[in-house]
Amino acid sequence: MGQLSEGKLDEIIAAGCASCGGRRLLFRALLDGRLPLLAGEPVGALTWVYDGEKFVDGVFEITCAACKNSLFRADDCPRCNAANGLARALEERNRWPVPTACPSCGGEEVRYVGFVPAQVAYEGTRSEKPRSTIELLDPGFHGFRVDCIDCGTVAEQRDRCPLCDAPGPLRERPG
Ligand SMILES: [Zn+2]
Ligand SMILES: [Zn+2]
Ligand SMILES: [Zn+2]
């Protein structure tokens with residue numbers, strides 16, 4: 001499990017902001033995004049591919065949208081829980097190779113799945129679409145899986161933490 005459990009998340013949402021009573025909360029999280037690549041270059045928009053459990057697992061900060069009061073903050077790595085790993089995840093660039101072709105069939109069209117820092121606004125039970133300005137070569141984007149349209153998953157980073165580079169083995173993710 002990550003830093004935030006679903007139970008704790010429900011408590012934070014139910015309580016709202018203790019300072020101003022605000023109900024609109026801003027979440028910052030590292031979320032699974034999928035980029036279409038052609039010969040190693042992005043050729044389309046990022047698609048979000050996480051589910052509810054993976055979303056909770058990736059949250060590292062919750063603040064009140066109105067008064068900016070901090071309701072939750074975890075500095076450990078959201079993926080492997082290494083102490084103070086969050087800073088490395090957000091400040092460093094992708095360390096995992098970006099393939100120019102599928103290693104199995106040689107096709108140049110693959111999908112590159114990675115963690116992407118994003119902000120999600122949440123009010124009551126409704127969450128808005130994640131917002132992110134982070135692109136493939138920006139600090140914070142960390143690839144961990146390559147999917148080929150024909151061959152399925154053809155590569156996955158399991159040896160080291162994709163976010164903070166701590167050695168594996170990695171815990172299983174929920175969802
Ligand atoms: Zn507030
Ligand atoms: Zn880590
Ligand atoms: Zn392939």
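Three exercises on a predicted model follow, each with a worked solution. Residues are numbered from 1 along each chain as its sequence is written, and chains are lettered from A, with ligands numbered from 1, in the order in which they are written. Because the model is predicted, local features need pLDDT of at least 70 and side-chain atom pairs count only at pLDDT 80 or more, while totals for chains, interfaces and linings use all residues.

**Exercise 1. Determine which strands pair with S1, and in which sense**.

Solution. Strands (E, at least two residues) and helices (H or I, at least four) are DSSP runs numbered from the N terminus; two strands pair if DSSP finds at least two bridges between them.

Step 1. Begin with S6: S1 runs antiparallel to this strand, and 15 bridges join the two. Within this pairing, Leu25 lies opposite Tyr122.

Step 2. Turn to S4, which pairs with S1 through five bridges, again in the antiparallel sense. Here Ala29 faces Val59.

Step 3. Add strand S3 (residues 47-48), antiparallel to S1 over two bridges, with Trp48 opposite Gly33.

Step 4. Finish with strand S2 (residues 41-42), also antiparallel to S1 over two bridges. Glu41 is the bridge partner of Leu38. Two residues separate the strands of this hairpin, in which Ala39 has a positive phi near 55°.

**Exercise 2. Describe the largest nonpolar core and the surroundings of Leu31**.

Solution. A nonpolar core is a set of buried Ala, Val, Leu, Ile, Met, Phe, Trp, Tyr and Cys residues joined through C-beta atoms within 7 Å.

Step 1. The core holds 34 residues; those touching the most other members are Ala29, Leu30, Leu31, Val59, Cys77, Val116 and Leu163.

Step 2. Two or more residues each come from S1 (24-38), H2 (52-58), S4 (59-64), H3 (85-91), S6 (109-123) and S8 (142-148). S1 supplies the largest share, seven residues.

Step 3. For Leu31, set aside neighbours within four places in sequence; its contacts (C-beta atoms, placed from the backbone, within 7 Å) are then Trp48, Tyr50, Phe55, Gly58, Val116, Ala118 and Pro130.

**Exercise 3. Establish whether Ala83 is buried or exposed**.

Solution. A residue is buried if 20 or more other C-beta atoms, placed from the backbone, lie within 10 Å of its own, exposed if 12 or fewer, and partly exposed in between.

Step 1. Locate Ala83 in the loop between strand S5 (70-73) and H3.

Step 2. Ala83 counts as exposed because it has 10 C-beta neighbours inside 10 Å.

Step 3. Note also that 9.9 Å separates the C-alpha atoms of Ala83 and Cys164, which are 81 residues apart along the chain.

Key: Contact = placed C-beta atoms within 7 Å.
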